[in-house]
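I opened this model to look up how its helices pack and where its charged side chains pair. My notes follow in the order in which I looked.

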Amino acid sequence: DQKIAGKDNVDVYQLLVEYYAKKNDKANKEKYLALGRELFPADDRWYQIELEEVDEKDKKALFAKYEELMPKYPDKHLMYYNYAVYLFNYTYK
């Protein structure tokens with residue numbers, strides 16, 4: 001809650017997000033996810049955590065989640081690439 005930044009502390013925020021996700025405490029999970037994004041915006045794990053909420057087998061839900069995340073993370077080129085790969089594979093399989 002003190003917003004302690006520094007590259008050595010990024011794992012603490014990830015741990016808190018995972019802890020509250022396992023406890024099904026959505027409010028605290030979102031709180032620490034937002035803090036992590038705020039303090040460590042360059043880290044890719046924040047959008048990856050959000051993508052893990054969706055079952056990859058449910059393509060409609062997965063694609064909707066990517067569409068939801070794209071405006072939140074406009075500079076995450078790997079996320080856009082992965083989305084394109086999913087769309088390509090979905091289209092041509």
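I began on the outward side of helix H1 in this predicted model, where Leu15 and Lys22 are exposed, on the other side from the buried residues. Those buried residues of H1 are Val10, Tyr13, Gln14, Val17 and Tyr20. They cover an arc of only 135 degrees around the axis, which puts them on the same side of H1. I then looked up what they pack against, and found helix H2 (26-39) and helix H3 (45-51).

I checked the length of H1 as well: its 13 residues (10-22) should span 18 Å at 1.5 Å a residue, and the end C-alpha atoms lie 19 Å apart, which agrees. Just after H1, I noted a positive phi of about 60 degrees at asparagine 24.

Next I turned to the salt bridges, of which I counted eight. Aspartate 44 pairs with lysine 76, with 3.3 Å between the closest N and O atoms; the former sits in the loop between H2 and H3 and the latter in the loop between helix H4 (59-72) and helix H5 (77-92), 32 residues apart. Lysine 76 is buried at 5% relative accessible area, whereas aspartate 44 is partly exposed at 27%.

I also looked up lysine 72 and glutamate 50, whose side chains form a salt bridge at 2.8 Å, N to O; this pair links helix H4 to helix H3 across 22 residues. Glutamate 50 is buried at 3% relative accessibility, while lysine 72 is partly exposed at 38%.

Last, within H4, I found lysine 65 and glutamate 68 about one helical turn apart, joined by a salt bridge of 3.4 Å, N to O.

Note on methods. Residues are numbered from 1 along each chain as its sequence is written. This is a predicted model: local features need pLDDT of at least 70, side-chain atom pairs count only at pLDDT 80 or more; totals for chains, interfaces and linings use all residues. Side-chain values use heavy atoms; hydrogens and water are left out. Helices (H or I, at least four residues) and strands (E, at least two) are DSSP runs, numbered from the N terminus. The expected span of a helix is 1.5 Å times one less than its number of residues. Buried means under 20% relative accessible area, exposed over 50%, partly exposed in between (1.4 Å probe, protein chains only). The arc is that of the directions from the helix axis to the C-beta atoms. Contact means heavy atoms within 4.5 Å. A salt bridge is a side-chain nitrogen of Lys or Arg within 4 Å of a carboxyl oxygen of Asp or Glu.
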